[in-house]
Amino acid sequence: MSEEKHEVIEYTQDNLPEEKREELVKLKGTIDLLDSNSIISYGAAAQTKTADFVESILKTTRTKDAGAAGNLLTELMDNLEKFSSDAAGNIFSKIFSSAKKRLEKLKQSFQTVEGSIDTIVDSLQEHKTQLMNNTAMLDKLYEKNVDYINELNLYILAGEEKLADINNTILPELKGRSDVDQLEAQQYRDMIDAADRLDKKIHDLKLTRTVSLQSLPQIRLQQGGNNLLIDKIHSSIVNAIPLWKSQLVIALGLAQTNDALQAQKAVSDTTNKLLRQNSEMLKQTTIETAKESERS
């Protein structure tokens with residue numbers, strides 16, 4: 001079963017779907033030209049739906065705390081950066097402290113930052129879920145708005161056709177009879193007033209439609225902001241956090257490698273020192289032996 005396609009359709013007699021023609025006739029029939037309230041209330045239900053819809057969009061914008069998610073991302077990056085700086089300082093520091101102390105300090109720094117980051121990640125996951133729900137809800141609101149606009153378009157077309165009937169048929173007939181009958185003359189003037197009110201009502205409906213049309217890109221912009229933030233949160237959790245943790249592994253490996261190099265240097269220095277000492281001892285023994293053998 002295919003999904004219903006939601007798109008704005010500016011109805012005309014040429015593109016009006018067959019299932020809408022009967023509805024169009026009914027709408028034209030609701031316009032009672034002798035009843036002022038009939039013209040005033042024409043299309044009011046559709047206009048009320050649009051007003052309620054705009055209010056629902058405003059409420060969604062108010063309740064969406066995208067700023068908090070952005071602040072959490074900034075805080076997360078600050079913590080990761082802080083640990084990166086501490087790790088580099090611990091590994092490449094020229095302070096003459098023992099390797100064991102350097103490693104312990106590095107691990108303590110990791111544990112401290114890790115606690116803060118876990119808390120931030122939990123909050124980010126909640127914001128991500130909320131943003132995804134908001135985005136899905138905005139999709140439904142978008143579809144509803146398209147339906148409201150199409151409903152307004154049908155009211156507008158029905159009103160325009162009714163107005164055309166008045167101008168092209170009813171008014172000319174009344175005009176012809178108004179010259180000989182005073183009552184017909186009053187009906188003619190009343191019909192002109194009714195046509196004017198209907199024309200203003202159609203203009204008002206078009207204004208409401210414009211407001212609704214402007215809501216469509218606003219919804220997409222809001223969704224775009226949500227999706228961008230969702231992507232950033234997702235990337236931070238699945239990329240930045242593992243990279244940060246792998247940095248600890250690298251930092252510990254560098255520390256251990258540095259310790260091994262220091263140990264190797266100590267071994268090499270001691271070996272060279274012993275070799276020099278042995279050489280000096282052999283030299284001295286050889287000299288003393290030679291001197292002794294030369295004595296008479």
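A residue counts as buried when its relative accessible area is under 20%, as exposed when this value is over 50%, and as partly exposed in between. The views below all show a predicted model.

**View A. The two sides of helix α1.** Helix α1 spans residues 18-29, and its buried residues are Leu 24, Leu 27 and Lys 28. These three lie on the same side of α1, because the arc they cover around the axis is only 95°. The other side of the helix carries the exposed residues Glu 19, Glu 22, Val 25, Lys 26 and Gly 29.

**View B. Salt bridges within helix α1.** A search of the whole structure gives ten salt bridges, and this view shows Arg 21 with Glu 18 and Glu 23 with Lys 20. The side chains of Arg 21 and Glu 18 meet at 3.6 Å, N to O, and those of Glu 23 and Lys 20 at 3.8 Å, N to O. Arg 21 and Glu 18 are three residues apart in α1, about one turn of the helix, and three residues also separate Glu 23 from Lys 20 in α1. An α-helix has 3.6 residues a turn, so residues three or four places apart point the same way. With a relative accessibility of 60%, Glu 18 is exposed, whereas its partner Arg 21 is partly exposed at 26%. In the other bridge Glu 23 is partly exposed, with a relative accessible area of 35%, and Lys 20 is partly exposed as well, with 25%.

**View C. A salt-bridge network that includes Lys 28, Glu 161 and Asp 165.** Lys 28 forms a salt bridge with Asp 165, in which the closest N and O atoms are 3.4 Å apart. This pair links distant parts of the chain, since Lys 28 belongs to helix α1 and Asp 165 to helix α5, 137 residues apart. Lys 28 is among the buried residues of α1, while Asp 165 is partly exposed at 33% relative accessibility, a value that falls between the limits of 20% and 50%. Glu 161, placed in helix α5 (residues 99-178), is linked with Lys 28 and Asp 165 in a network of salt bridges. Its relative accessibility of 16% makes Glu 161 a buried residue. Apart from neighbours within four places in sequence, Glu 161 is in contact with Gln 13, Leu 24 and Lys 28, and Leu 24 and Lys 28 are both buried residues of α1.

**View D. The largest nonpolar core and a second, separate one.** The largest nonpolar core has 26 residues, and those with the most contacts inside it are Tyr 42, Ile 166, Met 191 and Leu 198. Helices α1, α5 and α6 (182-294) each contribute at least two residues to this core, and the largest share, ten residues, comes from α5. Leaving out residues up to four places away in sequence, Met 191 touches Leu 33, Ile 166, Ile 170, Leu 171 and Leu 174. The second core is separate and has ten residues, including Ile 120, Leu 131, Leu 229 and Ile 241. In soluble globular proteins, nonpolar side chains tend to be buried together.

**View E. The aromatic pair of Tyr 42 and Tyr 155.** The structure holds one aromatic pair. It is formed by Tyr 42 and Tyr 155 in an edge-to-face arrangement, with 5.2 Å from centre to centre and 75° between the planes. Tyr 42 lies in the loop between α2 (36-41) and α3 (44-63) and Tyr 155 in helix α5, so the pair ties together parts that are 113 residues apart in sequence. Both partners are buried, Tyr 42 with a relative accessible area of 3% and Tyr 155 with 14%. Tyr 42 is also one of the residues with the most contacts inside the largest nonpolar core.

**View F. Arg 220 over the ring of Tyr 142.** Arg 220 is found in helix α6 and is partly exposed, with a relative accessible area of 38%. The residue lies over the face of Tyr 142, at 3.7 Å from the ring centre. Not counting residues up to four places away in sequence, Arg 220 touches Asp 139 and Tyr 142. Thr 135 is 85 residues away from Arg 220 in sequence, with a C-alpha to C-alpha distance of 9.3 Å in space.

Key
Residues are numbered from 1 along each chain as its sequence is written. This is a predicted model: local features need pLDDT of at least 70, side-chain atom pairs count only at pLDDT 80 or more; totals for chains, interfaces and linings use all residues. Side-chain values use heavy atoms; hydrogens and water are left out. Buried means under 20% relative accessible area, exposed over 50%, partly exposed in between (1.4 Å probe, protein chains only). Helices (H or I, at least four residues) and strands (E, at least two) are DSSP runs, numbered from the N terminus. The arc is that of the directions from the helix axis to the C-beta atoms. Contact means heavy atoms within 4.5 Å. A nonpolar core is a set of buried Ala, Val, Leu, Ile, Met, Phe, Trp, Tyr and Cys residues joined through side-chain atoms within 4.5 Å. Rings of Phe, Tyr and Trp (its six-membered ring) pair if their centres lie within 6.5 Å; planes under 30 degrees apart count as stacked, over 60 as edge-to-face and the rest as tilted. A charge sits over a ring if NZ of Lys or CZ of Arg is within 6 Å of the ring centre and within 35 degrees of the ring normal. A salt bridge is a side-chain nitrogen of Lys or Arg within 4 Å of a carboxyl oxygen of Asp or Glu.
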